[in-house]
Amino acid sequence: MDKKIAILGSGAIGSSVGADLTEAEFDVTIFDQWPEHVETMRTQGLHIEMTDGDLKIPVRAHHLCELASVKMEFDIALIIVKSYDTRWMAELIKPYLKSGGVVVGMQNSMNDDAIASIIGRERTIGCVVELSGEIFTPGRVQRDTTRKGTWFAVGELDGSFTPRLEEIRSLLSNVGVTEITNNIYGAKWTKLIANTMTMGPFGSFGLTNWEAMKLPGMFEISVSLGKESMAVGAALEYRMEPIFGLSEKEFSGSSDEVLVTAMKTLMKHVGSKSTTAPIHDHIKGRKSETEFINGLVSRKGKELSVPTPFNDAVAELARQIDSGELKMDVSNFDLLKARLAEKE
């Protein structure tokens, strides 16, 4: 593939993707808003620590403010930023896309329509991401999912199969197992369901995923969160489908069985010591994207008259942590249970 690729956002996921694609000898340029990280990438490259090996590689990196001065146009732009940064990032890259260029939203939540409203539906491709990692030191990433444990699904917004979709699949296969779906909205909502069960609540406790799941009653709360998210997805007419590389058979069974399978598979792939993204955000003193996970389910539930008391409670807890009213702490688990009891 002789095309120019822009990676917009180089947190743990963007850095991992950028390093792997650079190693595979693609023409990659990384843009980020963390000055120290960009300067470290320029002078020292990226160091990706994985459970099955290390990758140290020079990369081409620029500050976001340099996008105009590098005088480049891109065939493919991968947006890998927090959901709340989606719209302005799409606006930023729009003038630097070639006429036939495409944008791939490699994010949590349901941001493809927001990207399409700016870039155009005909130039937007959706992507479901399972790649876990963390970055606290400029230039250095701890990647929790191996390449074999990393999984993507890409899809056209209209469900069609196109040559460019195969091109994106082939590109991302250098980072992890990549599949094509004709149901990108359903696949992304299915991933969101798994995130509402884990990312949202666990992000309030400051514990590893496995520590959080061992809290008495947490498993049942997670299943209830998933049931609500599934009900809202059904009301939106999204069709659930196997994710994380699971087969149709592995993803079959009752609603509860499917939810538990998705949740356990996700936790197995990210490892026993990993912590969820909102915890990284709180440690760094910045806003989490829980409002685009549990908060999205809560908002859509209200619009569609689907009760979502569990997601409501998790979203409100996250909002209070983001605003500084509460601190991230395991004591928030008791607070969550108390609030859920009030709703019964």
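## Loops, sheets and helices in a predicted model

Ser109 sits in the loop that links S7 to H4. The structure is a predicted model, and in it this serine has a phi near 70°, a positive value for a residue that isn't glycine. Ser109 is also buried, with a relative accessible area of 5%, well inside the cut-off of under 20%. Glu237 makes a handy counterpart: its phi is positive too, at about 65°, and it is not a glycine either. The loop in this case runs between helix H8 (218–235) and helix H9 (255–270). Glu237 counts as exposed because its relative accessibility is 71%, and the exposed class begins over 50%.

On to the sheets. Eight strands make up an open sheet with mixed pairing, in the order S5-S2-S1-S6-S7-S8-S11-S12. The edge positions go to strand S5 (61–63) and strand S12 (177–180); each has a single partner strand, so one side of each has no neighbour in the sheet. From one strand to the next, the twist averages 25°. Helix H1 packs on this sheet, where it touches strand S1 (4–8), strand S2 (27–32), S6, S7 and strand S8 (124–130), and its direction makes about 160° with that of S2.

Within the eight-stranded sheet, the S6-S7-S8 stretch can be followed bridge by bridge. Strand S6 (residues 74–79) and strand S7 (residues 97–106) are paired in the parallel sense, with five bridges between them. Ile79 has Gly105 of S7 as its bridge partner. S7 and S8 also run parallel, joined by four bridges, and here Gly105 turns up again, standing opposite Gly126 in S8. Helix H4 (residues 112–119) lies across S6, S7 and S8, and runs at about 150° to S8.

S8 itself is largely enclosed by the rest of the structure, since seven of its seven residues are buried. Thr124, Gly126, Val128 and Glu130 point one way from the strand, while Ile125, Cys127 and Val129 point the other way, and all of them are buried.

One of these S8 residues, Glu130, is also in contact with Thr150, which leads to another loop. Thr150 is found between S10 and strand S11 (151–156). Its relative accessible area is 0%, so it falls in the buried class. Apart from neighbours within four places in sequence, Thr150 is in contact with Glu130, Leu131, Arg143, Thr145, Val175, Gly176 and Val177. Val177 is 27 residues away from Thr150 along the chain, yet their C-alpha atoms are separated by 6.1 Å.

There is a second open sheet, this one of four strands, again with mixed pairing, in the order S4-S3-S10-S9. Strand S4 (53–57) and strand S9 (133–137) take the edges; because each has a single partner strand, one side of each is left without a neighbour in the sheet. The twist here averages 20° from one strand to the next. Strand S3 (residues 46–50) and S4 run antiparallel and are joined by five bridges, with Leu46 having Ile57 in S4 as its bridge partner.

H1 comes back into the picture at this sheet: the helix lies across S3, S4, S9 and strand S10 (140–143), running at about 75° to S4. A residue-level view of H1 is available from Thr22, which is part of this helix (residues 12–23). Thr22 counts as buried because its relative accessibility, 18%, is under 20%. Its side chain reaches the backbone oxygen of Gly18 at 2.7 Å. Setting aside residues up to four places away in sequence, Thr22 touches Val28, Ile57, Pro58 and Val59. Ile57, as it happens, is the S4 residue bridged to Leu46.

Finally, helix H6 (residues 184–202) combines an ordinary-looking span with a clear change of direction. Its 19 residues reach 26 Å from first C-alpha to last, close to the 27 Å expected at 1.5 Å a residue. Even so, H6 bends by about 45° at Asn195. The helix is mostly covered, with 19 of its 19 residues buried.

Terms used
Residues are numbered from 1 along each chain as its sequence is written. This is a predicted model: local features need pLDDT of at least 70, side-chain atom pairs count only at pLDDT 80 or more; totals for chains, interfaces and linings use all residues. Side-chain values use heavy atoms; hydrogens and water are left out. Helices (H or I, at least four residues) and strands (E, at least two) are DSSP runs, numbered from the N terminus. Buried means under 20% relative accessible area, exposed over 50%, partly exposed in between (1.4 Å probe, protein chains only). A polar contact is a pair of N or O atoms within 3.5 Å; within protein, one must be able to donate a hydrogen and the other to accept it, and residues adjacent in sequence count only if both atoms are side-chain atoms. Contact means heavy atoms within 4.5 Å. The expected span of a helix is 1.5 Å times one less than its number of residues. The bend at a residue is the angle between axes fitted to the seven residues ending there and the seven starting there. Two strands pair if DSSP finds at least two bridges between them. Axes are lines fitted to C-alpha atoms, for helices over the stretch in contact, and angles run from 0 to 180 degrees between N-to-C directions.
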